[in-house]
Structure formats: structure tokens, C-alpha cells
Amino acid sequence: QASFAQATSAQDTLLLGSRGRLKRRLAAMSRPGFVDVLIAVAPWLAVGSAGDAPPAYDAASWKGLITGSDCPIATTLNPKGWGRQGGELLCERTGGSGRHFRFPPGMFDIDEQVVVPAGTTIEGNENPNDPSDKTVSPDPSTQTFFVATSGVSNPRANYCGTNGNLAQGDAQRLRIGFLLLSNTVVKNINFQGKDTTRPWDNGSLCGGAAFETPGCVSPGFSNGVGNGWVGKTGCFDVAGRANNLITGDGKGVENVVIDSVRLNDMLSGGQATQIAVWVAQTQDGSATKNVRVTNLVSMLTRGDGINFHGNVQDSVVEDSRVENTGDDIFAVWGGYATSPAGIVFRNNVGKNAGVTRNYGYGVCIAVYGAMDVTFTGNKCYDPPMNHACQHGAYCNSCMAYVHDLWFGAVYPQGDLITFHDNEYLSMEGVPITDRPSIRTDKGSNAHIASS
């Protein structure tokens, strides 16, 4: 969660997951014009060969239905080119104003952050994750894919509203994915981002996930201790400068389900989203509650894997697998929020933290201020410790780092960060003994219980 250079092409090839399409070397990014050519022909050349590639659809074919309020029983979709027959997008009413959309197999363009209204379910054709081996890529002919039409490739891009460098609405065009409001479900889909770098402006992390909840565009005060910020509301950049940049209405939501989704396993060239899941800090300090992430698989991100930021309460991440990040894999960044509590990460697998930024920052599990968080039954796989890391213990130095004294982190009186029955393993699955499982900062106010 700090600004470091993008990974070198040589390091991008090192220790990546042993299966799936990530065997295509990320070093291809370094070839002039390679990514541009790949994007131009994707997704047709990128999907696997187990079956025929499903039809491709532009964003206009489906986006208006999701963001609106109508619920036609069946909408025939017109695919792009080739005269192929399109599938049907089905919808049924649930609980009055609720809507349940069922997508057919296909490659669906997505060109911005799409708001999923309250009470809406998006369900793809089939679960993309093999329960016996989540590293195995699915047969594309059976799958529903949402594929970004563009991505961030300039490390100098304005991204977080730092010092007023964005206008309202700019972030939504950069952060291609879904913005999930209350009582929403996303299930059985694949998502492919096309970012090839993490902008320096996103160094402290402000978003860019496939799945986000409403809140501030900027990360909030991060450059120091957060005690003086407790109780403050509003949106602030990393240095504490106020702005009014928000996604959605900027307020907390509740009852969000992300179930059986697969991210960034389709294209080579290091293309991905910034993050898999980002729960944003809210503008008014209101809580985001009951976020449930189950059976998520993410094979590559430019930043964190999953990050719960701000006043997140009563939320769970379970039975998920996240590999090949550019930062921490599973993170709770409560910061100076009033009461991030009731958060549980259980039975997850994290592997290869930090690789997409040359192992310059990142561990498997990280906490940056919270009241009550539990990590249990997780397995973390790490490469050899990066002794050359200029940021020392923040790079693959432990299974979990409980941070204090920076990033606005606050641990209120009575806080408890609990670890039990987790495993810390080498990339080959051998228990790691040359570094501690858990670290914290000298003088930290965090209370840690482990077993």
C-alpha cells in the first residue's frame, strides 16, 4: 500500500501460478505493441480450447437493462459480427421490486463502472470454479465473461483524486467493473480487466476492483497516524485534503453477495483489474454491512486481492483463492473508521503476494486498523523472503502484518485481531520457518491473539 515501480518483465515470470492461462508469460508486456495487438483480437485468441468460444456482445446489449428498472422475461441478444445466433438474457421479479437476471454463455463487453441497483441479482450460466482444483480454468463455451474494453497502462495516470486531479465521474470511467448497492448478488461469472500497471496515484490504494461498494473515490488520510481523524467524515485524499468525489451516493450498503466468480484468468500480457473486491470508505462514515464473498478465484491483480476499507461490519470472505497480487492479498483497512468489526476471513488460499510489482510490497494477510477481525483456516503460500526489499518487513516477510502508526490506522480500546489454525507455506507447500507468521509495528496499539 505504497507507491512502488511496476514489476519488471523478468520478475513477472517468476513463481507465477503453476496452472491455467497465467503460464503465458507476463513478460510479454515488454514487447512493443504486444498488449495493443492482444487487446485488439481478444477475447477470441485468449480463451481456452475446450469448446467453441461463446458469442461476443457489446456493452449496449445488456448494460441498460441492469442499470434500469425494467425486467423483461427474455431479451434476445445480438452478438457482434460473424452472423452468429445470440443467446437470451432472462429476468424475473423477486420480492416486489427485486430483479434476477440470468446471462447466457458469452463475452460481454463492459466499458465503465456499472451500477447494480438495489435488489438486483446478476447470475451467469455456470460456476467457473472447479471445487476440486480452483486453479483449473473453465471451458469458455459454458461461461459468462465480462471483459473490460480498456485498461490503465500509464503509471502517471490520475486515479485517486489526489490534490484535485479528478472530477466527479472520472473514476467511474477508469474503474471498470460493478458497483454493488444493497441487497445485490453477483454469481457464476468471469471478469477480465485490462489494466497493465498500477498508477502511482493509486499507491495507497483507492479502488479499481471488479466489484466495489459505494464510497469515496480517494483513500482517506493515509500519511500518518489516524487518531486525530477519528470521528471525521467526508472524503479526503492520501494527504488529508478534502474533496467530494464519490461512487454511488457515497454511503454504506448492506447485504452484498459475491459468489462463485473468477477474475483475470483469460488474457495474457499482465492484464487485470487493480483489485478483486474493494469495499470503499464511506463519505458520511456509515457502515457497509454483511458483505459475503464466497468461492472467489482471482489469478492476477495489480494491487490487493480483497480489501475491506473503512467502517465495514459483519462481513465474511470464505473458500476463496487469490494469487499473484501487486500488494497484500487479504486486507482489512479500517483506518480511522469508528468500528470496523465482525469481519471474518476463513478457509481461503492466498499465493504469491506482491509479484506484479516486483515483490516491492505485500504480504498474504494485512490489517491497517480495526476493532474486531478474525482470520481462521487460511493457507498462505509465499516465495523466499525478499531481503533486498527497500521496504524491509513489508515484503513477503510474514504470513500476516498488523500495521499501526501509518495509513491512518487506529485500534480502538478493546480491539482484537485474532489468528487461529492458519498455515504459512512455501510455494511448494513446505511450512515456512525462516520468518515469523505474524508481525506488527513497534509500539503498536493492536491487540493480537494467535493460536
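The following exchange sets values from a predicted model against the definitions behind the terms used.

User: How is this model to be read?
Analyst: This is a predicted model, in which local features need pLDDT of at least 70, side-chain atom pairs count only at pLDDT 80 or more, and totals for chains, interfaces and linings use all residues. Residues are numbered from 1 along each chain as its sequence is written, and side-chain values use heavy atoms, with hydrogens and water left out.

User: How many helices and strands does the chain have, and what makes a run of residues count as one?
Analyst: The chain has four helices and 32 strands. Both are DSSP runs numbered from the N terminus: helices (H or I) need at least four residues and strands (E) at least two.

User: Why is Asn352 called buried or exposed?
Analyst: Asn352 has 0% relative accessibility and therefore counts as buried. Buried means under 20% relative accessible area, exposed means over 50%, and partly exposed lies in between (1.4 Å probe, protein chains only). Asn352 lies in the loop between strand E24 (349–351) and strand E25 (365–368).

User: Why does Asn358 receive its accessibility class?
Analyst: Asn358 is found in the loop between E24 and E25. Its relative accessibility is 31%, so Asn358 counts as partly exposed.

User: What is notable in the phi values of Asn352 and Asn358?
Analyst: Phi of Asn352 is near 70°, and phi of Asn358 is near 60°. Each value is positive in a residue other than glycine. Most residues other than glycine have a negative phi.

User: Why is Gly231 classed as it is?
Analyst: Gly231 has a relative accessible area of 56%, and is therefore exposed. Gly231 is placed in the loop between strand E12 (215–216) and strand E13 (235–236). Gly231 and Asp284 are 53 residues apart in sequence and 10.0 Å apart in space, C-alpha to C-alpha.

User: What joins the side chains of Thr376 and His420, and what makes it a polar contact?
Analyst: The two side chains are joined by a polar contact of 3.1 Å. The term requires a pair of N or O atoms within 3.5 Å; within protein, one must be able to donate a hydrogen and the other to accept it, and residues adjacent in sequence count only if both atoms are side-chain atoms. Thr376 is found in strand E26 (residues 372–376), and its 15% relative accessibility is why Thr376 counts as buried.

User: Which residues does Thr376 touch?
Analyst: Not counting residues up to four places away in sequence, Thr376 touches Phe345, Arg346, Asn347, His420, Asp421 and Asn422. Contact means heavy atoms within 4.5 Å.

User: How do you know that E3 and E4 pair?
Analyst: Two strands pair if DSSP finds at least two bridges between them. E3 and strand E4 (residues 98–102) have five bridges, in the antiparallel sense, and Glu92 stands opposite His100 in E4. E3 and E4 form a hairpin with three residues between them, and Gly95 in the turn has a positive phi of about 55°.

User: In which sense do E2 and E3 pair?
Analyst: Strand E2 (residues 74–76) and strand E3 (residues 88–94) pair in the antiparallel sense over three bridges. Ala74 stands opposite Leu90 in E3.
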